[in-house]
Amino acid sequence: MSRSLQSLAAFLASCITACAVVHVPEPTLEMAGGSSATLSELQSGYRTYRGKCSGCHALFPVEEYDSEEWESGVAKMISLKKVKLQPEEREQLLKYLSASSAPAASSAPGR
Ligand code: HEC
């Protein structure tokens, strides 16, 4: 099976639970630019997003905001004391949000 078919299959499998509601994709190696260290950071960010950001409002689809808007959205949540994040959690969360919201993270150099 080709790589793209495999990722399509993984995408569809994750969709059964997540995509029906909003687009909050599971991090992929592709999203991490091929780096497994980055991938594990993105996975932590993904867990933080799903675990800490869905209590009051529905999760926003990741593409709803670009990385700057995410940064200010998260800063707003923190300053309104809606959410408490360790510096590391915040960093990983923002990494995840900007990597997953970028339309073509893997093909855009310098991202
Ligand atoms: C304790 C409840 C609560 C939690 C937890 C929470 N939010 Fe919110 N969020 C709100 C409320 C209330 C608003 C509306 C605030 C406003 O517009 O002034 C909001 C609005 C937002 C907005 C829109 C901001 C804007 O200016 O339009 C974003 C983006 C957002 N939240 C992201 C997040 C993220 C990311 C997390 C997790 C880190 C999170 N929220 C966790 C309560 C919460």
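The expected span of a helix is 1.5 Å times one less than its number of residues. Keep that handy for this tour of a predicted model.

Start by selecting α3, residues 67-79. The 13 residues of α3 reach 18 Å from first C-alpha to last, close to the 18 Å expected at 1.5 Å a residue. Step just past the end of α3 and click Lys81, which takes a positive phi of about 60°.

Now add α4, residues 87-101. With 15 residues, α4 should span 21 Å at 1.5 Å a residue, and its end C-alpha atoms are indeed 21 Å apart, so the two agree.

Show both helices together. α3 and α4 pack at an angle of about 150°, their axes 9 Å apart, and the crossing is right-handed. To see the contact, pick Ser67, Trp70, Glu71 and Val74 on α3, then Arg90, Leu93, Leu94, Leu97, Ser98 and Ser101 on α4. Color by class and you'll get five nonpolar, three polar and two charged residues.

Stay on α4 and select Gln92 through to Ser101: Gln92, Leu93, Leu94, Lys95, Tyr96, Leu97, Ser98, Ala99, Ser100 and Ser101 are buried. What covers them? Bring up α2 (36-52) alongside α3; the cover includes both.

Last stop, the ligand. Around it, select Lys52, Cys53, Gly55, Cys56, His57, Phe60, Gly73, Val74, Lys76, Met77, Lys82 and Val83. Which helix gives the largest share of this shell? That's α3, with four residues. By class, the ligand's shell has six nonpolar, three polar and three charged residues. Before you leave, highlight Val74: this residue is in the ligand's shell and also in the contact of α3 with α4.

Conventions:
Residues numbered from 1 in each chain as written. Predicted model: local features only at pLDDT ≥ 70, side-chain atom pairs only at ≥ 80, totals over all residues. Axes fitted to C-alpha atoms, helices over the stretch in contact; angles between N-to-C directions. Helix = DSSP H or I, 4+ residues; strand = E, 2+ residues; numbered from the N terminus. Left-handed = near helix turned anticlockwise from the far one by under 90°. Contact = placed C-beta atoms within 7 Å. Nonpolar A, V, L, I, M, F, W, Y, C, P; charged D, E, K, R; others polar. Near = placed C-beta within 6 Å. Buried ≥ 20, exposed ≤ 12 C-beta atoms within 10 Å, placed from the backbone.
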